[in-house]
Amino acid sequence: KKNSSGENNPMYGKPAPQGSGNGWSGWYREWFFRSLMELSFMINFIERFGFEWKSGESRAYMVPYVDWKGAKRNYFPDFILNDRYVAECKPDKLKETPSVIAKTAAAHELCGRLGMKYKVICPKPLTDDQVMALYLDGAIRFTDRYEAKFRERFLPGLSSEEKA
């Protein structure tokens, strides 16, 4: 069996595909988010303070690093703000994991060379009521996979006709 980690992985050096990851993914207005934490950051930081932003999911912001097992990997940060700041959304409980420590060190080094600042941020989570209000207002829509998950969690009593 061929080892497919690091440079042997066919996705090495490429941004993660849309919809990958563990978070709820979808669109806030026309901005794609890969987790409810990213959604919270979009609303409570980017929108609130009027940041210009773009996704870090491009080769221009790829951060090469060596993981805790010694494998070469690439990391793509969540957000580029005002072309000066690189922001990554992570829960506080993950900030001290070997993976995040390795990514953070490499990102600080790269950002220093680019004249940018790097920050790992844990935005305040959105409440279920806030998510529901955004959904009912049409401000967010989920990918198909998470639309079904949302309906099961938030709209369990509705028939399939009422959910459509």
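Start with the contacts of the whole chain (contact means heavy atoms within 4.5 Å). Among contacts with a separation of 6 or more, 57% are between residues 24 or more positions apart. This is a predicted model: local features need pLDDT of at least 70, side-chain atom pairs count only at pLDDT 80 or more, and totals for chains, interfaces and linings use all residues. Residues are numbered from 1 along each chain as its sequence is written, and side-chain values use heavy atoms, with hydrogens and water left out.

**The whole chain**

Switch to cartoon view. The chain has five helices and nine strands. Helices (H or I, at least four residues) and strands (E, at least two) are DSSP runs, numbered from the N terminus. Their order from the N terminus is β-β-α-β-β-β-β-β-α-β-α-β-α-α. Of the 164 residues, 41% are buried (under 20% relative accessible area; exposed is over 50%, partly exposed in between; 1.4 Å probe, protein chains only).

**The sheet**

Select strands 3, 6, 7 and 8. They form an open sheet with the order 3-6-7-8 and mixed pairing (two strands pair if DSSP finds at least two bridges between them). Strand 3 (53–55) and strand 8 (117–121) are the edges, each pairing on one side only. From one strand to the next, the twist averages 25 degrees.

Zoom in on strands 3 and 6. Strand 6 covers residues 79–81, runs antiparallel to strand 3, and is joined to it by three bridges. Find Trp53: Leu81 in strand 6 stands opposite.

**Helices on the sheet**

Add helix 1, residues 36–49. Helix 1 lies across strands 3, 6, 7 and 8, at about 10 degrees to strand 6. (Axes are lines fitted to C-alpha atoms, for helices over the stretch in contact; angles run from 0 to 180 degrees between N-to-C directions.) Now add helix 2, residues 98–114. Helix 2 packs on the sheet and touches strands 7 and 8; its direction makes about 150 degrees with that of strand 8.

**A buried aspartate**

Select Asp67, in the loop between strand 4 (63–66) and strand 5 (72–75). Is Asp67 buried or exposed? Asp67 is buried, with a relative accessible area of 9%. Show its side chain. It reaches the backbone nitrogen of Ala71 at 2.9 Å.

**Helix 4**

Finish with residues 144–154. The buried residues of helix 4 are Tyr146, Glu147, Phe150, Arg151 and Phe154. Look down the helix axis: these buried residues fall within an arc of 145 degrees, so they line one face (the arc is that of the directions from the helix axis to the C-beta atoms). Turn to the face away from the buried side. There you meet exposed Asp144, Arg145 and Glu152.

Technical notes
A polar contact is a pair of N or O atoms within 3.5 Å; within protein, one must be able to donate a hydrogen and the other to accept it, and residues adjacent in sequence count only if both atoms are side-chain atoms.
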